[in-house]
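Thanks for making time this morning. Please keep the structure open while I talk.

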Amino acid sequence: MSASILESHSDTSAIRNYPLLLHRYARLLEVTADLASMLDLEALLQHIVDAARELTESQASALLLFDANSNNLYFEASSNLPGLDETPTSVPADSSIAGWIFQRGEPLIVHDALSDERFFREANLLTRFETRSILGAPLTTKDKTVGVIEAINKLEGSFDEEDMRLLQTLAAQAAVAIENRRLFQQSDVVAEMVHELRTPLGALTAASHLLQRADLPIEQRHKLAQTVVDEVRRLNEMATDFLELARLESGRIRLLREPVDLAGLVHETLEVIRPQAEADGLTIEVDVDRSVPPAQGDRNRRKQLLLNLLTNAIKYNRRGGRIAIRLAR
């Protein structure tokens, strides 16, 4: 008799919750349809975590992608985890709940995170967030797992099998969308590289044909030889730039977020290019407001950016020209 009463209660509960469940799956269909049309990777990842939080009715959510070089999972997007907005944060793939999900390719519900030995306790410090329960699912395509998506702290009650099914379905669609977007970015990089390579390759082709002429004056031969040297150097620089771009696009380079003294950075960079500018007879005019507060960013990348801009300003300037640099609020 008791079993019959429990069974009847379960059926009644399922019927009562059916409209809510139907709504959640309808929302899931809307979200997965949106994923296929999103081209910006950052916006795509944010859309995924926002959907995970909504569909599982959680306090927060996060998406982590695997970096093979460090064997870590990096938080790439989050919803309602403000501590992750300030600095790149990771958890080890071999000693964390997210790592367990990633390595096994299986979903997992942890009702009491703090008592689970797999929980990476530094995560609460890094995110400035109290994690109580976790529902996680692997981001798996047909041939590999690229990361993990987590819903954190169920708002009412506990995570259940229905929450898991919803998150798994979202994760499957999200993984495909992420990989497609990465491939799209890589194809853009390759197309851009091929286009940019045409100019120096054209110059090298013309110079190599002319250098084969026996009647070519010695002065012209020297000029063409210098052209070959310049264009080979240019190709090397382009190869380095495109390799750097490819690494950035694939997420293999991690941008730091740290306070950067822009005034000091400008002066430091100027000292690097000043000899080259003076050799070309260029005047450098500097107007730097030292009261400009530090800016959050990756100092080395900012320096590289400034060096590229200033080197171009010298390279494409006229003899006796000037370069003006101004830093202000």
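I will go through the core and then one strand.

This is a predicted model, in which local features need pLDDT of at least 70 and side-chain atom pairs count only at pLDDT 80 or more, while totals for chains, interfaces and linings use all residues. Residues are numbered from 1 along each chain as its sequence is written, and side-chain values use heavy atoms, with hydrogens and water left out.

The largest nonpolar core has 31 residues, and Ile-48, Leu-139, Ile-149 and Leu-170 touch the most other members. By such a core I mean a set of buried Ala, Val, Leu, Ile, Met, Phe, Trp, Tyr and Cys residues joined through side-chain atoms within 4.5 Å, where buried means under 20% relative accessible area, with a 1.4 Å probe and protein chains only. The largest share of this core, 9 residues, comes from α5; helices here are DSSP runs of H or I with at least four residues, strands are runs of E with at least two, and both are numbered from the N terminus. Leaving aside neighbours within four places in sequence, Leu-170 is in contact (heavy atoms within 4.5 Å) with residues including Leu-28, Ile-48 and Ile-149.

Now, which side chains of β10 point to the buried face? They are Ile-323, Ile-325 and Leu-327, whereas Arg-322, Ala-324 and Arg-326 point to the other face and are not buried. Strand β10 also pairs with β8, residues 283-288, in the parallel sense over 6 bridges, pairing being counted if DSSP finds at least two bridges between two strands. Within that pairing, Arg-326 is the bridge partner of Asp-287.

Note on methods: Buried means under 20% relative accessible area, exposed over 50%, partly exposed in between (1.4 Å probe, protein chains only).
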